[in-house]
Amino acid sequence: MRLKNVLVVVDDIQRSIEFYKEIFGLFVVEDNDGNVIMTEGLVLQDRKIWESFLGRDVINRSNSCELYFEEKDIESFIEKLENSKYSIEYVNKLMTHSWGQKVIRFYDPDGNLIEVGTPVQ
């Protein structure tokens, strides 16, 4: 068995496609009307469809999981992020862990937690 995809719930599929394309360089692989598969295995699911599947409400900013990306030149990534058209809500600005890895955490436009860190040696 293998993990194939990671799904995040979004309010506006088009806005999320643009966000993940502009900020992370991801592209749409398949668009199934409310369920979009992007490169790197990220799936965007329309909130209304997901809530109807589950029969439960989605809780924004639940902080129970995160999408993790690695970037060697994190300072340039932060500059790109801050110069983007998106209003970024940071969980933590650039910090360095005791093991030397630099990371930032922030929310995507729908409150999904994202961490970007330098590769761990």
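Read along the sequence, the protein chain of this predicted model follows the pattern β-α-β-β-β-α-β-α-β-β-β, and its secondary structure thus comprises three helices and eight strands. The radius of gyration of the protein chain is 15 Å, close to the 14 Å given by the globule rule for 121 residues, so the chain is as compact as a globular protein of that length. Along the principal axes, the C-alpha trace spans about 45 × 30 × 25 Å. Among contacts between residues at least 6 apart in sequence, 53% join residues that are at least 24 apart.

With respect to solvent exposure, 40% of the 121 residues of the protein chain count as buried, and the accessible surface amounts to about 7,600 Å², of which 50% belongs to carbon and sulfur atoms. The protein chain carries 14 positive and 22 negative charges, and the mean positions of these two sets are 2 Å apart.

In soluble globular proteins, nonpolar side chains tend to be buried together. In the present model, the largest nonpolar core contains 25 residues, of which Phe19, Tyr20, Phe24, Leu44, Phe106, Ile114 and Val116 touch the most other members. At least two residues of this core are supplied by each of strand S1 (6–10), helix H1 (13–24), strand S3 (35–38), strand S4 (42–46), strand S5 (67–70), helix H3 (74–82), strand S7 (102–107) and strand S8 (113–117). The largest share, six residues, comes from H1. The surroundings of one of the core members may be described in further detail: when residues up to four places away in sequence are not counted, Val116 touches Phe24, Phe69, Glu71, Ile74, Phe77, Lys102, Val103, Ile104 and Phe106.

Val103 is also a contact of His97, which touches Val103 and Arg105 once residues up to four places away in sequence are set aside. His97 is found in the loop between strand S6 (89–96) and S7. The relative accessible area of His97 is 16%, and because this value is under the 20% limit, the residue is classed as buried.

Val6 has its place in strand S1 and, at 38% relative accessibility, counts as partly exposed. Not counting residues up to four places away in sequence, Val6 touches Gly41, Leu42, Val43 and Leu67. By contrast with these contacts, Val6 and Ile17 are 15 Å apart in space, C-alpha to C-alpha, with 11 residues of separation in sequence.

Phe27 is placed in the loop between H1 and strand S2 (28–31). This residue is partly exposed, with a relative accessible area of 45%, and its contacts, again not counting residues up to four places away in sequence, are with Lys21, Ile37, Met38 and Thr39. The C-alpha atoms of Phe27 and Leu42, which are 15 residues apart along the chain, are separated by 9.7 Å. A C-alpha separation of 9.7 Å is likewise found between Asp31 and Val43, which are 12 residues apart along the chain. Asp31 is located in strand S2 and, at 45% relative accessibility, counts as partly exposed.

Attention may finally be given to backbone geometry. Most residues other than glycine have a negative phi, and most peptide bonds are trans. Asp33, although not a glycine, has a positive phi of about 50°; Asp33 lies in the loop between S2 and S3 and, at 72% relative accessibility, counts as exposed. A positive phi of about 60° is found for Asn63, which is not a glycine either. Asn63 lies in the loop between helix H2 (47–54) and S5, and with a relative accessible area of 46% Asn63 is partly exposed.

Note on methods:
Residues numbered from 1 in each chain as written. Predicted model: local features only at pLDDT ≥ 70, side-chain atom pairs only at ≥ 80, totals over all residues. Heavy atoms only, no water. Helix = DSSP H or I, 4+ residues; strand = E, 2+ residues; numbered from the N terminus. Rg over C-alpha atoms; globule rule 2.2 N^0.38 Å. Buried < 20%, exposed > 50% of the residue type's maximum accessible area, 1.4 Å probe, protein only. Contact = heavy atoms within 4.5 Å. Areas by Shrake-Rupley, 256 points an atom, 1.4 Å probe, with all protein chains shown as cover. Lys, Arg positive; Asp, Glu negative; His and termini not counted. Charge placed at Lys NZ, Arg CZ, Asp CG, Glu CD. Core = buried A, V, L, I, M, F, W, Y, C linked by side-chain atoms within 4.5 Å.
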